[in-house]
Amino acid sequence: MDLTFSEEQDELRKVVRSFLAKYSDEAAVRRLAADPRGHDPVLWRRMAGELGLQGLAVPEEYGGSGFGYVDLGIVFEEAGRALLCGPYFATVALAAEALLRCDDERARRDLLPGIASGATVATLALTEDDGRWDAQGIGLTARERATGWQLTGTKTYVPDGHLADLLLVAARTPCGISLLAVGADAPGLDRTSLPTLDQTRKQARLEFTDTPARLVGTEGTAWPALERTLATASVLLAAEQAGGAAAALDAAVEYAKIRVQYGRPIGSFQGIKHKCADMLVDIESARSAAYAGLWALDAGDETETAIAAALAQTFCSETFTRVAGDNIQVHGGIGFTWEHPAHLYFKRAKSSEVLLGTPSHHRELLATRLGI
Amino acid sequence: MEVDFGPAVRDFRDELRDWLADHLVGEFAEHRGVGGPTDGAAWEVRLAWDRELSAGRWLGVAWPEEYGGRGLGLLEEIVFEYEYARANAPYRATVNALDLLGPMLLKMGTEEQKKRFLPPILAVEELWGQGFSEPGAGSDLASVRTRAERDGEEWVVSGQKVWTSFGIHADWLYVLTRTDPDSVRHKGLTLLLLPTDQPGVEIRPIRNLAGQDEFAEVFLSDARTHADMAVGEVGQGWRTAMATLGIERGTTLLPQQLGFEREAEALIDLARERGALDDPMLRRRIVDAWISVRIMRTTNLRTLAELTAGRTPGAQATTAKLYASTRHQQLGHLAMELAGPAGQIVGEDYGLDMRQRSFLLSLAETIYGGSSEIQRNIIGEQLLGLPKEPRP
Ligand SMILES: Cc1cc2nc3c(=O)[nH]c(=O)nc-3n(C[C@H](O)[C@H](O)[C@H](O)COP(=O)(O)OP(=O)(O)OC[C@H]3O[C@@H](n4cnc5c(N)ncnc54)[C@H](O)[C@@H]3O)c2cc1C
C-alpha cells in the first residue's frame, strides 16, 4: 500500500507552496484577475524553468520529467490553494492529457515538448453553445479537403482559449468524433474573450471558418480518448478544488481566532467552531476523493479511474462551493466585500463546479459507470 | 472490495482466507454479520466463534508471543481485520478487551499486569467492560465521581458507572476513578482494574432502543481490588484513559466501514429490485450513499498507510469518525425508505432484520466514543487551533 505521500512528495508540496506564496499571492491574483488576458508570461516561464511544473507528469521521451499523477495532483492542490491564475489547468490537465491519450506518436513528439518546456500554452476546445460535456454536444465539423483538414463551427467556454498557442479541437467528421490541432495564427480562426464571473480563470469563444487543422490520432476514434482525458482532468480539478477549499478554511480559522464579539473570539462559539470543523471534515473527505483518483491514475486502472473521477468531481465541486460560502459567512460583512479575497475563492469554486460538467452530470456518469 | 497489501503479507492473507473458509461454516456462518456488543440470542454462538478464532491463533495477531499473540506487525493486524470484514464474520464478543484494554495494557501496564491479563483475553477466558461513563460524566468525562480509597493493600471503590457495553458479561471492568478526593477535573484520577465477581459490584442490564441488552449500569459499593491493579501512575488516570480512547482507531474503523459498504451494495440491489433506480431523487441519494462509503474507505486507507509507514496520521484520522457516523445514518434512512412499509414490520419479540438493526444501532454511532458535537469541538480546538470553549 503506498497510499501515503513519500518524503519527496512532501518536499515537492513545500517547494510548490512557497513558490506560489511568492508569485501567486493575493496581489498577483488580483492583478491577473483584472487583466483580460489573465496570464503572466514571466510567472509561466518561472514555473517551467525553475520547477518544471508544465512537464512534471509528461513522460521523459516527450521532454517532461515523467513524474506520476500523485505528484501532479500535489501541484494542482497547491495551485488551487493559491488560486493560481493562468493557463496551467488548460495546458497541463486538458491539452497535454489529450495528446497523451490519443494514439498519435508523431503528434506527441511534435507537440508535447513545447508544452513541457513552457514554450507552448495549449487548451482543449470541446464545449459548444449548449455547454455539454458529452459526445452529443459536439457539432463543429471537420472535413478533409485536397489541402488537408478544415474546421467550421463554434466552440465556446474554452478555458484560456483566447491566448492558447495550440488548440486541440474536438470535431465531428464523417466517421465520428475526431481531434484536430490548430495553431493560434491559423487563418479563419476568430477568438473572443468571454467576461467571466470567476475572473481568475478566463474563457473564450472560438469561431472557425474553413480553418486548416491537423488531425491528431485516427479519424472518428477520438471520443474514448477524450473521455479518458476528461476523467484525468476531473481528478486534477478535484485536487485543485480540495486545495482551494483548504485555503478558504485557513482564512476562516485565522479570522475566527482574532475577531472578537461579545467579549470573546468568535471561534470559541460552537456555531462558528462547529462550522469550521464541518468544513475540515468535508475537506479531508474531498482529499480522499481526489487522492483515490490520483492513485487509480498512477495504477493505470482505467475502470477505477473513470469511477473515481466522477466521484471526485461530484464531491469536490460541492465541497469547495460549500466551504467557500461558509468562509464568507464566518467573515460576516467583511466577507461580502470586493476588497476581501473570500469572494475570489467562492467564484473560483462556483465556476470550477461547471468547468468540466456539473455535479449532476458527474453523478449521472458515476451512476452509469457503476451500473446503477 | 479488494485491497492489495503487498507481497509481504500475501501468505498470511491466504492462510487466513483458507482458515475462514474452513471454519466460518455451519452455525457460525449463519451468524455472519450479526453485530452490536450484545446480540442476546446469538451470544453463546458468538463466544464459541471467538474461541474458534482463539484456537486458530487469530486473536492478538500483533501482540507479543509471550502473551499469547502471534508477534506479527500492524500490517498483518490490518489484513486480519480487512479479511475478517470481507468474510462478514460475526462481530467479535471480545472486541472491547482486544481493541481497547489489551493495547492499553501493552502500552502502559506493568509486566505483572500483562502476564496476568493478556493471555486470558486471547483465550476468551475473561471478558471485559469499560467503566468510564457515569450518570454525571458522559461527554464531560473529567467530572468522574466514582471514588477509590486505599485501604492497606487494596483499593475500595464506590460510585456508579453507566452505558457499560458488555457489562452484563464482564468478568472484569477497567474503571476510571477519583483517587484524590480533593482533586478536580483531570487531576487525581486513576484507572483501576476491578473484578466483578464480588459483593460490592452490582450490574444491571439496560435495554437499548433496539430492544437488546447492549449495555449496563454498574453500581459499586465498597468494591475491592488489589493495590497493584492501577494502570499507569496513580493520579494520572486521565492520561491512561485518553490513551485508551486514542488507540489504533484506524484498525477498527476499516472493518466497520467495509460493513457499511456491504449495506450500500445491498441497498443498490434492493433499489434495483424495486425499480427505484429510475426515480431521479432516489437515484441521486443512492449515488451519494455510494460516494460516502467509498470516501470512508479511502480515508481509512490513507490512515492505515500512514500508520504502516510509521508516519503520524493526518487530520483525516480524526475527521473520519464524524463523517462515517453521520453518513452511515443517512444510509440507514435511505435503506428504510427503499424498504417501504415492509421495512416497518418486525419479527416476534421485536425481532429485527439486519437492515432494521443496523439502522437503529447507527443512532449510537454519533454518541459513543465522543458525540458528534464533542468531535466538532475536538476538531475545532485540536486540529484547527480555535480558542477553547469557556469552561468553569
Ligand atoms: C451504544 C453505546 C455504548 C457505550 N459503551 C460505553 C462503554 O462501554 N463504556 C463507557 O464508559 N461508556 C460507554 N458509552 C457512553 C458514551 O461514551 C456516552 O454516552 C457519551 O460520551 C455521551 O455522554 P452522555 O450519554 O452522558 O451524553 P451527554 O454528555 O449528556 O450529552 C447529551 C447531548 O449534549 C451534547 N453535549 C454535551 N456536552 C457538550 C458540549 N460541551 N458542547 C456541545 N454539545 C455537548 C452531546 O453531544 C449530546 O448531544 C456508550 C454509549 C453508547 C450509546
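**Strand pairing in chain A and a ligand site shared between chains**

I will start in chain A, where strand 6, residues 189-194, and strand 7 are joined by six bridges and run antiparallel. One pair to look for on the screen is A:Leu194, which stands opposite A:Gln203 of strand 7. Please keep in mind throughout that what we are looking at is a predicted model.

Staying with strand 7 of chain A, which covers residues 203-216, we find that strand 3, residues 148-159, also pairs with it in the antiparallel sense, here over eight bridges. Within that pairing, A:Lys155 has A:Leu206 as its bridge partner in strand 7. Strand 5, residues 176-183, is another antiparallel partner of strand 7, joined to it by three bridges, and there A:Leu179 stands opposite A:Val216. As a general reminder for anyone following the side chains by eye, in a regular strand they alternate between the two faces of the sheet.

Let me move to the ligand. Which chains contribute residues to its surroundings? Both A and B do, and the site is therefore shared between chains. In total 19 residues surround the ligand, and the closest are B:Gln130, B:Ser139, B:Trp163, B:Ser371 and B:Glu373. Sorted by class, that shell consists of seven nonpolar, nine polar and three charged residues. In terms of secondary structure, strand 3 of chain B, residues 154-165, and helix 12 of chain B, residues 372-383, each supply at least two residues of the shell.

Among the polar approaches, the side chain of B:Ser139 places an N or O atom 2.6 Å from an oxygen atom of the ligand, and a polar side-chain atom of B:Glu373 likewise lies 2.6 Å from a ligand oxygen. For B:Ser165, the distance from an N or O atom of the side chain to a nitrogen atom of the ligand is 2.7 Å. The ligand taken alone exposes 970 Å², of which the protein buries 68%.

B:Glu373 appears again when we look across to chain A. A:His274, in helix 8 of chain A, residues 270-299, is in contact with B:Glu373, B:Arg376 and B:Asn377, if we leave aside its neighbours within four places in sequence. Is A:His274 buried or exposed? Its relative accessible area is 11%, and because the cut-off for buried is under 20%, A:His274 counts as buried.

Strand 3 of chain B, which I mentioned for the ligand shell, also pairs in the antiparallel sense with strand 2, residues 147-151, over five bridges. One bridge in that pairing links B:Arg147 with its partner B:Ser158. The two strands form a hairpin with two residues between them, and B:Gly152, in the turn, has a positive phi of about 60°.

I will finish with two further buried residues of chain B. B:Trp128, in strand 1, residues 128-131, has a relative accessibility of 3% and counts as buried. Setting aside neighbours within four places in sequence, its contacts include B:Phe117, B:Ile121, B:Phe166, B:Trp172 and B:Tyr174. B:Ser358 belongs to helix 11, residues 354-365, and is buried as well, with a relative accessible area of 17%. With the same kind of neighbours within four places left aside, B:Ser358 is in contact with B:Glu263 and B:His328.

Conventions
Residues numbered from 1 in each chain as written. Chains lettered and ligands numbered in written order. Predicted model: local features only at pLDDT ≥ 70, side-chain atom pairs only at ≥ 80, totals over all residues. Heavy atoms only, no water. Pairing = 2+ DSSP bridges. Helix = DSSP H or I, 4+ residues; strand = E, 2+ residues; numbered from the N terminus. Near = heavy atom within 4 Å. Polar contact = N/O pair within 3.5 Å; in protein donor to acceptor, adjacent residues only side chain to side chain. Areas by Shrake-Rupley, 256 points an atom, 1.4 Å probe, with all protein chains shown as cover. Nonpolar A, V, L, I, M, F, W, Y, C, P; charged D, E, K, R; others polar. Buried < 20%, exposed > 50% of the residue type's maximum accessible area, 1.4 Å probe, protein only. Contact = heavy atoms within 4.5 Å.
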